[in-house]
Structures are given as structure tokens and as C-alpha cells.
Amino acid sequence: PSSTAYDAVLVSVSLSVSAAPPVGEYANWISTSSDRSNAILFNSQVLSGNVYIFLLPELAAITRVEFFLDDPTFDQDPYKIERNAPYDLQGTTNTGAAIPFDTSMLQQGSHLLTTRVILSDGTFALASSSFSVSTGSSPFLIATPSSVALLALPSDPPVSAFVEISTSDGAIASFTATADQTWISVVPSSGSINENAVVALEIIADASQLSAGSYTAVVSVNSSSHDTLLVQVSLTVVADSQTFITQVHLTWQQSTALSNQITVTYHSQDPTVPSVVEYRLAGSSSSWIAVQGALRNSGTEQGELFVAELTNLSPDTEYEYRILASTSGTYSDVFVMKTARSVFPLRAVFVSDTGLIGRLDRLDTGALVIRDALADLDVDLVLLGGDYSYFNTDRRFETFENTMDEWFRQWQPVLSRRPGLPVWGNHETGLGENLGGWSQRFPVPPGLGNPTRQYSFDVANVHFLTIFTPGNPDSGFLTDAEVQWVRNDIQNARLAGTRWIVPYMHVPSFGDGTNHR
């Protein structure tokens, strides 16, 4: 305030704003007060002294909360179990105040808190927080993440993961990195961390001399100017190569005569194994019929995708099939599929906006139920309506390619039994994803665009066509070429005497709301 009669006075005002947790998203929070006021999301902080750590939100669906310190694979008993809200890491007093967590009980350096939320329906969700502890005695090195878990076959090439190393004080530091087990190596094994920067260390595990089982190792990162950092490494070696045939899904690559053929796409962790798919009538003891597959470029970060075309099949018939999984002649699990009908009626099901099962924000409530219900349905095909992974809001698997891998693993129980033909939504065409990546994973009939945006196919006198409703990125509408393609496709189907014409798309034909109108 100011006045002509008095000297001006300055009033200092401070405002503290704390974000509320997103509804339904389980996360660890931290406060410096026992009443949990002014809390912030708990992640990447450097801690000292007493703090108050707790889980939010406190939903009725929670039956118990288990806290694990530096134990991301849950090998030991929980550090703390809370069965009633509030869910405090160190427990709660009779008056409802949080009991302080004394960080001095932990060794100086990097740590990980993993919180497992057990829900009333038997499922669980996870929340994890990387953090560091400083005793104030000397600066130290920080690892993000603070531990590494790897999976391999003895016949695998070495597998690896990256850890970012930084300093607690942002200062320059030279380092050397060594492992206490011969099957672990680190690249680079020495180097320098620049001021306020990070260095990526690749931790490499070689399982070629190991038998099936679980192994642990410690990588020590030493510096003359900072305290030593210890990174825990766990390796699971599996002998059964069936584990490494995943993401099995069926589609069609042709537009007609689809009741007599099927396209099998799968992911192999070992790309040196020849692509062979064998099939026969379900339940029979006849000899397997082998079909040679081919590599399909996919962008998957580990292993490769392969495609095999099965032809001369009988309509509306169950077949069993298996996939060569190793150079020693072992095979995947046996899958059962059913070819489509050649005459009407036809049974199809449409599913869209699935997301990934296990999302931390609980927006996957129906995904598991719907997937399991579809796996039990006796249908001829699945029409996939787009927006599959929601990578923009679910980054548990870090990269878009890893997220796609997980989606196909989760939907294998459905798509290994019936062909799934996709249409693209706004998530596949934006929001951190790309249409080309999804198109590489889904072999589909020829159509419009590269990658294919619209295509059509005929099954049992039913003509299906996909419409690219995400539209032009500038206008939000279909381009003239896309509209003309739809018109021509429908006209050709009518001229061919097709009884039913079924267009499907991501955006509904009629709708209300702020999106997709």
C-alpha cells in the first residue's frame, strides 16, 4: 500500500499450493507434517531426517496396502502393511496423525519404495517412488532406477537395461563401475559425470553359462569425490522357450475367401529361430502341417515379429496350431483357433478404447472383464475400434514400442483364437503414438494409404469396411480421397450383390459430448 502522507510499506505474501492426487490414481505422497499437509508427489526427492510418506487416494475398494523398501520383486516380507486408511508408511497414531519415517535408518544413496495396493476384487495396483537419502556427511551418487530386473534364456544373447547416474550435489565426478558376478558387465565401466548432468550405464547380463533359476548381483559405482553407489540386479533365467513366443494374434491379409485362411503373427524373443507355424484339426492325432513364416518389420525393441499365412482351411472349423520356439526343436504352447463361417449368419464383436490392464489410475476397470469375456465368446471375428494402449497417460513400460508389446501380450487370449481387424483412433494417430507403429503390428488387407488407413474385406456375404475417423490432422475431417474411397468401396460391394455392408470406425456416427462429435 502507498500513501502521500506516509512512507510506502511492502507486504510480503507467500502462497503454498499442493496438487491434489488425480482421482483413482494410486501414488505415494510425502509431507513434512504429521497431518500430511502441503503434500507433494513422492518421487526423485533427496531426503534427510523425518518425513511422512503415505498413499493416496483412500478408496473403499482397498483392502490393504503393502509397502516394500528396496524390494521391487517382493522377495521379502513387506516393510509395513496397512489395512485401514490413512495408509502411512510408518503407521498412524490413535489420534490419526502420521508417524514419522526416519530416513537415517537407511544407507545414504539411492532407494526405491514400491507400494502394492490390494483391492477387494482380488486384483492389485502398484505405485513406486525412487528417492535418495542424504546423511549430510558427504555428497553421493544417485541411480535412477535404483535396481534392475532382467529375464533371459540360457541360449539368449546378453540382455540389458539402462540406469542413469547423477550426483546429489550436481557436481562433476569421475567414477568406475564393477559387478560382483562374472555374468554381469557394465558399459561404460568408467567415466565422468558433468555438472548437473547424468550418465547412462548399460547393465548387461549374460545367461549363457547359467541354468534356470533366479540370480542376484550388485553393481558398485565408485567415486573419489562421492560416496559409493550400489545398484541391485536380479536375473531370472527360464529354461522353457515357450515363454519367448508371445503376442500371438490372428488377422487376414486378403480381402476375400477369408473363411479358408488365417494370418498368424507372433513375437519371438530369439530371432535366429526359423519361423515355422504348424497346424492340424483340433483334437486330432494327425501329423502337423508346417508353414514357413517370414520376418515382419515391427520396431519391437527386443526380438522380432514374424508372420505366417495358413491357407486351404475349412470354414467354421477348429484348428490347433503351435510355433517353433527354439533351434533345439521345442514349440510354443498349442493354441486353438476357429475359422470364420462361409455363409450367413456371421458373428462379430466390436471393442474399443481398451487401454492396458493394470493402469495405476484404475481406468482399466472393464478391460480385464471385457477381455476375458471375449476370450470365451464363440464369434467369427473381432472388430477392434482403436485407442488401444493410451500411451500418453500410461507410461509404465517407458517406450511406445514396449507399450505395444504389452498390449499384444495382454490380448493374446482373445486374438490368438479369432482374427482381430483394427481401425485407428485418435490415440494411434497422435498423443505420443504413431499409426505406422501400430500398422506394422497388424497385417491387414490392402486399402488406402501407406500405412493403410482404410481397408475392406468380405466374410460370409458381409462386407466390412474401416473408416479413418481421426481424419485430417488440421481439419479433423476425412480427406476428399478418404471420402471418395468409402463411396467407391460401398458402391462396389452393392454391385457385387453383398447382402450386408458394415462400416466401423473409432468415432461413433452419432454422439454427444466435447470429444468425437
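Contacts that join distant parts of the chain dominate the predicted model: of the contacts in the protein with a separation of 6 or more, 66% are accounted for by residues 24 or more positions apart. The secondary structure comprises 34 strands and five helices, and the C-alpha trace spans about 90 × 75 × 45 Å along its principal axes. Of the 517 residues in the protein, 47% are buried, while the exposed surface amounts to about 24400 Å², with carbon and sulfur atoms supplying 51% of that area. The charged side chains number 25 positive and 52 negative, and a distance of 12 Å separates the centres of the two sets.

Helix 5, which covers residues 480-495, was examined for its length and for the placement of its buried residues. Its 16 residues should span 22 Å at 1.5 Å a residue, and this agrees with the distance of 22 Å between its end C-alpha atoms. The residues of helix 5 that are buried are Glu482, Trp485, Val486, Asp489 and Ala493. Because these residues cover an arc of only 100 degrees around the axis, they are placed on the same side of helix 5. An α-helix has 3.6 residues a turn, so residues three or four places apart point the same way. Against the buried residues of helix 5 pack strand 31 (447-448), strand 32 (454-459), strand 33 (462-467) and strand 34 (500-505), whereas the face turned away from the buried side carries Asp480, Arg487, Arg494 and Leu495, which are exposed. After helix 5 comes Gly497, with a positive phi near 80 degrees.

In helix 1 (residues 365-376), the buried residues are Ala367, Arg371, Leu374 and Ala375. Seen down the axis of helix 1, these residues fall within an arc of 100 degrees and therefore line one face of the helix. The cover over the buried residues of helix 1 includes strand 28 (348-351), together with helix 2 (400-410) and helix 3 (412-415). Exposed residues Thr365, Val369 and Asp376 are carried on the face of helix 1 that is turned away from its buried side.

Three individual positions were also considered. Arg441 belongs to helix 4 (residues 435-441) and has a relative accessibility of 0%, so that this residue counts as buried. When neighbours within four places in sequence are left aside, the contacts of Arg441 are Gln247, His249, Thr265, Ser298, Gly299, Thr300, Leu305, Glu401, Met404, Asp405 and Phe408. Among these contacts are Glu401, Met404, Asp405 and Phe408, whose positions fall within the range of helix 2 (400-410).

Ala173 lies in strand 14 (residues 173-179) and is likewise buried, its relative accessible area being 2%. Beyond its neighbours within four places in sequence, Ala173 is in contact with Thr167, Gly191, Ser192, Ile193, Ser223, Ser225 and His226. The C-alpha atom of Ala173 is separated by 14 Å from that of Ala200, which is 27 residues away along the chain.

Ser286, by contrast, is found in a loop, between strand 22 (276-281) and strand 23 (289-292). With a relative accessibility of 36%, Ser286 counts as partly exposed, because the partly exposed class lies between the limits of under 20% for buried and over 50% for exposed. The C-alpha atoms of Ser286 and Asn94 are separated by 70 Å, and these two residues are 192 residues apart along the chain.

Technical notes
Residues are numbered from 1 along each chain as its sequence is written. Side-chain values use heavy atoms; hydrogens and water are left out. Helices (H or I, at least four residues) and strands (E, at least two) are DSSP runs, numbered from the N terminus. Buried means under 20% relative accessible area, exposed over 50%, partly exposed in between (1.4 Å probe, protein chains only). Contact means heavy atoms within 4.5 Å. Accessible areas come from the Shrake-Rupley method with a 1.4 Å probe; for residues, only the protein chains shown count as cover. Lys and Arg count as positive and Asp and Glu as negative; His and the chain ends are not counted. The place of a charge is taken as NZ of Lys, CZ of Arg, CG of Asp or CD of Glu. The expected span of a helix is 1.5 Å times one less than its number of residues. The arc is that of the directions from the helix axis to the C-beta atoms.
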